[in-house]
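Please take me through this model stop by stop, telling me what to select in the viewer and what I should find at each selection.

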Amino acid sequence: MGRSQLAFVLSTLMLLAGGASAADVKLVYIGEISGSIAVSGGNFRDGIILAVEEINAAGGILKEKIALSQLDTQTNPGVARSQTQKAIDGDPYVVLGPIFSGNVKATMQMLQQAEIPHLIGGEAGELTALGDRYLFRTSFGQQIGMPKIANYIRDELKAKTVALIWVNNDFGKGGRDNLLKQLAERNIKLVADVSTESGQVDFAADVVKLKAANADAVFVYSNEEECARIMREARKQGLKGPFVGDTTLLSQKTIELAGDAANGVQGHVGLTADAPIPAVAEFTAKFQKRFNYKPDHNGIKGYTAVYAVKYVTEKKVGKFDRKAFAQTMHGLTITPQDEPAILIETTWDNTGEIDRISFLAEVVGGQQKITKILPKLGK
Amino acid sequence: MADILQLLVAGLATGAIYALVAIGFTLLWQTSQTINFAQGEFVMLPAFFVLIGTGYFGLSFWPAVALATVVSVVVLGLLFKRLIVDPMMRHGVLPLVIATIGLAIFFKEAVREFYGADAQPFPPVVAATEVTVFGVALALQSLVVLAISIAAVVALQLFLSGTRTGRCMQACAQNPTVARLLGIPVERMILYTFLINAALVTLAAILITPIYLAKFTNGEWLGLYAFIAAIIGGFNQVRGAIVGGLLLGVIDNFAAAYLSSQYRMAIPLLILIVVVLVRPQGLLGRIEERTV
């Protein structure tokens with residue numbers, strides 16, 4: 001075999017081996033690219049891609065380009081586990097995702113044992129209470145958001161009774177348990193507790209049950225597509241509301257899918273592309289230009305997660321050391337002065353839970369309108 | 001009482017859509033012994049034809065619906081018969097069934113590849129408002145879906161029994177050999193059933209997609225429900241498919257409201273098992289005997 005043939009064979013083998021050169025830093029996105037919450041997973045992925053493109057164009061992390069791999073969980077915990085094993089075998093520096101709380105639960109132990117930091121999109125309350133020292137959120141857990149929304153129901157809506165419709169998965173159950181606790185503490189009575197399935201398409205019967213409850217407020221807690229279908233069915237059947245929810249109910253994707261049916265929806269959003277913050281507006285414009293659609297909170301989560309990795313690695317650790325990365329993240333605060341692309345000042349506590357400012361919002365004329373900015377819990 | 005009436009109307013509206021899709025199953029079975037396991041994807045696809053019409057060609061909704069109907073009739077009627085059914089039919093029912101399962105996967109993945117895995121908004125036929133009937137507020141959309149579906153079924157029945165072509169199609173369904181001896185162009189009549197099926201699934205798509213949202217997975221549920229409806233009602237009778245569809249829609253809604261939303265999918269399957277055990281030909285079906 002001649003030298004040129006040998007070089008060709010070697011370069012082909014390198015390409016087949018994954019395409020990343022030895023000098024690249026490997027980030028892996030394990031996320032819901034298809035399946036019932038593909039909306040969220042797709043947004044998160046595109047946020048990551050945007051950040052990776054920007055960072056690579058600016059020279060990478062510690063002068064090493066990011067080699068990003070994408071692994072689809074299909075919103076299925078079994079697939080998520082096999083994809084996680086595949087990711088671990090590739091020896092990544094950091095794993096980004098999953099978004100679906102059930103998938104996070106199914107994979108976190110594997111990543112913890114492999115000592116790989118993972119920045120998750122899952123919001124189920126219990127995820128940060130399971131002792132995983134390598135897990136970090138990119139958005140609030142439900143235990144952070146629910147007290148704020150319960151206060152809103154009591155103080156702004158003056159509601160004495162609430163009808164709840166929720167999705168029966170880890171995300172929905174966690175939200176329901178947290179909300180019920182918060183409502184009970186505020187003497188707000190739950191008059192309907194309607195469980196629905198992930199990926200459900202027909203909500204006619206569920207909305208009839210909500211109507212029969214005749215509550216002062218209707219709390220909708222599900223994933224974006226299901227939230228949109230619930231709102232369409234609710235308007236179709238003339239259910240008056242007011243409709244309240246946490247981030248997903250007011251997300252840009254829910255508003256797009258629900259159309260006019262989303263108007264009047266109120267609630268709490270942890271992150272939003274409509275935040276009255278110039279850096280967020282700049283990110284939204286960049287994202288929209290790159291992907292031709294408006295991001296929701298998951299797009300921001302993916303984007304800021306990559307920049308958090310960059311900041312911690314370059315400015316705090318100074319080398320690619322996974323253990324040191326995880327240790328540094330605990331108790332860390334990154335401000336927009338430290339890293340402009342973090343967009344909003346963000347703090348991680350010793351469990352990986354996140355703290356930021358958040359927002360009260362209402363959907364008006366098909367747009368999310370921020371009505372109040374709530375401070376960080378730690379302030 | 002108001003709850004029951006609301007559930008009944010919502011169930012009938014959804015059931016009427018299942019019935020439209022189930023009728024397609026029975027028509028194809030009667031005339032060509034075709035079981036189309038891509039029938040659910042046949043309902044999913046026209047919604048995306050409409051979205052392509054509005055999104056890519058800038059058409060308003062109703063012209064896009066007209067375009068989607070034409071495209072559906074050509075692709076899901078004519079081309080489906082010519083390219084899939086005719087070549088496979090010579091090899092028996094089973095290879096055709098497997099081919100339609102493959103076609104379902106192809107359609108699903110093609111839509112996902114072309115349009116993405118996200119759901120897409122789809123405009124309703126009428127605005128979301130309610131009307132009061134006997135003091136009970138009912139969703140206008142449900143009533144309109146029900147009315148359009150009934151009108152479509154009545155029109156189909158009138159066509160089948162009141163026109164020469166319709167009677168020829170029935171003759172082909174009952175006995176193609178005798179129909180051929182009588183000079184009826186059997187192949188053309190079979191083609192008509194495929195075209196009618198394509199029109200029915202397009203109508204079902206226009207009615208169901210505002211509720212489900214346009215998504216590549218929509219066909220999974222719809223195909224399964226319509227297939228169950230056709231078996232419950234009687235796979236060889238159009239009126240059986242209608243009864244099966246309506247029954248399934250109503251039972252599904254009442255089960256979700258009063259039994260369990262978690263097990264709502266199990267209820268139709270339980271009914272299917274009972275019907276197959278007690279009355280295998282379906283509620284309104286007739287027993288088919290074959291010479292062996």
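The tour below visits cavities, a loop region of chain A, a helix of chain B and some cysteines.

**Cavities**

Bear in mind from the outset that the model is predicted. Begin with the internal empty space: the structure holds 7 cavities of 30 Å³ or more, and the largest cavity has a volume of about 120 Å³. To centre the view on the largest cavity, select S40(A), I99(A), F171(A), N223(A) and T248(A), which are the closest to its centre of the 15 residues that line it. When the lining is coloured by residue class, 4 residues are nonpolar, 8 are polar and 3 are charged. Next select helix α11 of chain A, residues 297–317, which gives the most to this lining, with 3 residues.

**Unusual backbone angles in chain A**

For the next stop, keep in mind that most residues other than glycine have a negative phi, and most peptide bonds are trans. Select Q74(A), in the loop between β2 (66–72) and α3 of chain A, where phi is positive, at about 55 degrees, although the residue is not a glycine. With a relative accessible area of 44%, Q74(A) is partly exposed.

Move along to D91(A), which is found in the loop between α3 and β3 of chain A. D91(A) is likewise not a glycine and has a positive phi of about 55 degrees, and its relative accessible area of 49% makes it partly exposed.

Then select P92(A), in the loop between α3 (77–89) and β3 (94–96) of chain A. Is P92(A) buried or exposed? P92(A) counts as buried, because its relative accessibility is 0%. Leaving aside residues up to four places away in sequence, P92(A) touches K26(A), V28(A), A87(A), I116(A) and R322(A). Of these contacts, I116(A) can be checked with a distance label: it is 24 residues from P92(A) along the chain, and the two C-alpha atoms are separated by 7.5 Å.

Finish this stop at the peptide bond between G97(A) and P98(A), which is cis, with omega about -10 degrees. P98(A) is found in the loop between β3 and α4 (101–113) of chain A.

**Helix α4 of chain B**

Now switch chains and select residues 93–115 of chain B, which form helix α4. At 1.5 Å a residue, the 23 residues of this helix should span 33 Å, and its end C-alpha atoms are 32 Å apart, so the two values agree. The buried residues of α4(B) are L96(B), V97(B), T100(B), L103(B), A104(B), F107(B), K108(B), V111(B) and Y115(B). To see what covers them, display chain B elements including α2 (39–55), α3 (61–89) and α9 (218–233).

Within the same helix, select P95(B), which counts as partly exposed because its relative accessibility is 26%. A C-alpha to C-alpha label from P95(B) to V85(B) should read 9.8 Å, for a pair 10 residues apart in sequence. Just after α4(B), G116(B) takes a positive phi of about 95 degrees.

**Cysteines**

Last, consider the cysteines: the count of disulfides over all chains comes to 0. C172(B), for instance, is in no disulfide, and the nearest cysteine sulfur, that of C168(B), is 6.7 Å away. C172(B) counts as buried at 1% relative accessibility. In chain A, select C227(A), which is also buried, with a relative accessible area of 0%.

Conventions
Residues are numbered from 1 along each chain as its sequence is written. Chains are lettered from A and ligands numbered from 1 in the order in which they are written. This is a predicted model: local features need pLDDT of at least 70, side-chain atom pairs count only at pLDDT 80 or more; totals for chains, interfaces and linings use all residues. Side-chain values use heavy atoms; hydrogens and water are left out. On a 1 Å grid over the protein atoms alone, a cavity is a set of points where a 1.4 Å probe fits but cannot get out, and a pocket is an open set with protein on both sides within 12 Å along at least five of seven lines; lining residues have an atom within 4 Å of a point. Grid points are joined across faces, edges and corners, and a volume is the space filled by probe spheres set on the points. Helices (H or I, at least four residues) and strands (E, at least two) are DSSP runs, numbered from the N terminus. Ala, Val, Leu, Ile, Met, Phe, Trp, Tyr, Cys and Pro count as nonpolar, Asp, Glu, Lys and Arg as charged, and the others, Gly among them, as polar. The expected span of a helix is 1.5 Å times one less than its number of residues. Buried means under 20% relative accessible area, exposed over 50%, partly exposed in between (1.4 Å probe, protein chains only). Contact means heavy atoms within 4.5 Å. A disulfide is a pair of cysteine sulfur atoms within 2.5 Å.
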